[in-house]
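Welcome, and please take a moment with the sequence and the model below. A short tour of some side chains follows the display.

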Amino acid sequence: MNEVKKMPELGFGEALKQAMDKLTQFSGRSRRSEFWWCMLAVIIANVVLSFIPYPSSG
């Protein structure tokens, strides 16, 4: 059986940088830590932006 190569986990900034670099690359895979750090950034941005009022049309 093939051995799985253990890669080091990424920190928050490093994961976001690699995710932005791979944004339009549709081949290969992302690391698990890269995915979850980016998901955390999206959730935080969503929470922060939900408190900003926007004008309603009516």
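This report looks at aromatic pairs, a surface patch and some buried residues.

Please keep in mind that this is a predicted model.

**Aromatic pairs**

Let us begin with the rings. A pair of aromatic rings is described by the distance of the centres and the angle of the planes. The structure holds 2 aromatic pairs. In one of them, the ring centres of Phe 12 and Trp 37 lie 5.4 Å apart and the planes meet at 75°, so this pair is edge-to-face. Distant parts of the chain are linked by this pair, with Phe 12 in helix α1 (residues 12-21), Trp 37 in helix α2, and their positions 25 residues apart. Phe 12 is partly exposed, at 37% relative accessibility, and Trp 37 is also partly exposed, at 32%.

Phe 35 and Trp 36 make up another aromatic pair, edge-to-face as well, with 4.8 Å from centre to centre and 80° between the planes. Phe 35 counts as partly exposed, with a relative accessible area of 43%, while Trp 36 is exposed at 52%.

**A nonpolar patch on the surface**

Which residues make the nonpolar surface patch of about 750 Å²? Phe 35, Trp 36, Met 39, Val 42, Ile 43, Val 47 and Phe 51 form this patch. Val 42, one of its members, sits in helix α2, which spans residues 32-50. With a relative accessible area of 52%, Val 42 is exposed, because exposed means over 50%.

**Buried residues of helix α2**

Helix α2 also has residues that are covered. Is Glu 34 buried or exposed? This residue of helix α2 has a relative accessibility of 2% and is therefore buried, the limit being under 20%. Beyond its neighbours within four places in sequence, Glu 34 is in contact with Leu 10, Ala 15, Gln 18, Ala 19 and Lys 22.

Ser 33 belongs to helix α2 too, and Ser 33 is buried with a relative accessible area of 15%. If residues up to four places away in sequence are set aside, Ser 33 touches Glu 9, Leu 10 and Ala 15. Leu 10 and Ala 15 thus appear among the contacts of Glu 34 and among those of Ser 33.

Here are some of these residues side by side, with their relative accessible areas.

| Residue | Relative accessible area | Class |
|---|---|---|
| Glu 34 | 2% | buried |
| Ser 33 | 15% | buried |
| Trp 37 | 32% | partly exposed |
| Phe 12 | 37% | partly exposed |
| Phe 35 | 43% | partly exposed |
| Trp 36 | 52% | exposed |
| Val 42 | 52% | exposed |

Definitions and conventions. Residues numbered from 1 in each chain as written. Predicted model: local features only at pLDDT ≥ 70, side-chain atom pairs only at ≥ 80, totals over all residues. Heavy atoms only, no water. Patch = residues over 30% accessible without salt bridge, like charges linked within 9 Å, V, L, I, M, F, W, Y side chains within 5 Å. Areas by Shrake-Rupley, 256 points an atom, 1.4 Å probe, with all protein chains shown as cover. Salt bridge = Lys/Arg side-chain N within 4 Å of Asp/Glu carboxyl O. Helix = DSSP H or I, 4+ residues; strand = E, 2+ residues; numbered from the N terminus. Buried < 20%, exposed > 50% of the residue type's maximum accessible area, 1.4 Å probe, protein only. Contact = heavy atoms within 4.5 Å. Phe/Tyr/Trp six-rings, centres within 6.5 Å; stacked < 30°, edge-to-face > 60°.
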